[in-house]
Amino acid sequence: MKVAAIGDNVVDIYLDQKRMYLGGNSLNFANFATEFPDVQSMYIGNFGNDELSTYVKRVLGDLSVDYSFSRELDGESGYSKVTLKNGDRVFITSNRGGVLKKGIQLSVQALSEVNQYDLVHFNINGNADQYLRDISGPKIVYDYSDFSSREQIRHTINQVDIACFSMGDASEETVQNLIKEVHQLSTNKKLIILITRGEYGAVVSTATGKIYRQDAVKVDRVVDTMGAGDAFITAFSISLEQSESIPQALKIASDYSAKQIQRNGSFEHGVVAPAKFLQ
């Protein structure tokens, strides 16, 4: 099985630990995918020409994530500064994606390669929506996160196969209203909507109106909530593609997300952060 992620990569700099970890919705998807058997992973995005990108590329190489179609641009790699409070990550500031702001550019060769894959991941922060209509073959997983504009949903939803939303604190009524609205906007009669809700579990809705629910797996200790939603999305979409069973995919995703919140950063592999970023 082959999966690709197109969009953002970020280095999360933990001021309380003085360490940094890989991050970004797209990069997390590509990295988490490597932990599933018989899955090849590719990431396409922008790297700065700085010490942060050197770190990111080294870890991607260690994980065997193919990033050969990514570009290195003059400027800063994306980073955010965060801290932990009782295991919950708190964002302090960021450079808003760094060189990602210069836009993703995919060559004809890159698109041809992606279109031979099984799944491709896009997200609201990825700055790559213009390529959605060029994807033919792979199923499209789109992470709308928790601050989606209705306009962006309208512009993208007809190309999407698995639409993902984060609604941890939302009421049941709000969740159901969003599900109804998104299905009404989409012309895809096989659209699957995944709502991740943190400690409240997850909800999946199919275009036929079927609703599935999954409880969160309880853990003894939460180390870090960073990347938990990305972990769930990755595990769910890969498992669904392999099994075609929504309940089974939800269970695998819930277990994997519980594993994620018991480790540091989005994917471990942390290193000491350069002193100039710890201000």
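This section describes the nonpolar cores, two secondary-structure elements and one pocket of a predicted model.

The largest nonpolar core contains 51 residues. Those with the most contacts inside this core are Val11, Tyr43, Tyr55, Val56, Leu194, Phe236 and Leu250. Helix 6, spanning residues 228–243, is the main contributor, giving seven residues to the core. Val56 was examined further. Beyond its neighbours within four places in sequence, Val56 is in contact with Val11, Leu22, Leu27 and Phe47. A second core is separate and holds 36 residues, among them Ile104, Ala110, Phe122 and Ile153.

Helix 1 covers residues 25–33 and is mostly covered, with nine of its nine residues buried. Polar names appear alongside nonpolar ones in this set. The buried residues include Asn25, Ser26, Asn28 and Asn31. Leu27, Phe29, Ala30, Phe32 and Ala33 are also buried. Leu27 of this helix is in turn one of the contacts of Val56.

Strand 4, residues 40–44, is largely enclosed by the rest of the structure, because four of its five residues are buried. Strand 4 pairs with strand 1, residues 2–6, in the parallel sense. Five bridges join the two strands. In this pairing, Ile6 has Ile44 of strand 4 as its bridge partner.

The second largest pocket encloses about 250 Å³ of space. Its lining consists of Lys139, Asp161, Ile162, Lys190, Ile192, Thr206, Tyr212, Leu240, Glu244 and Ile246. By class, five of the lining residues are nonpolar, four are charged and one is polar.

Conventions
Residues numbered from 1 in each chain as written. Predicted model: local features only at pLDDT ≥ 70, side-chain atom pairs only at ≥ 80, totals over all residues. Heavy atoms only, no water. Core = buried A, V, L, I, M, F, W, Y, C linked by side-chain atoms within 4.5 Å. Buried < 20%, exposed > 50% of the residue type's maximum accessible area, 1.4 Å probe, protein only. Contact = heavy atoms within 4.5 Å. 1 Å grid on protein atoms, 1.4 Å probe; cavity = no way out; pocket = protein on both sides within 12 Å on 5 of 7 lines; lining within 4 Å. Points joined across faces, edges and corners; volume = space filled by probe spheres on them. Nonpolar A, V, L, I, M, F, W, Y, C, P; charged D, E, K, R; others polar. Pairing = 2+ DSSP bridges.
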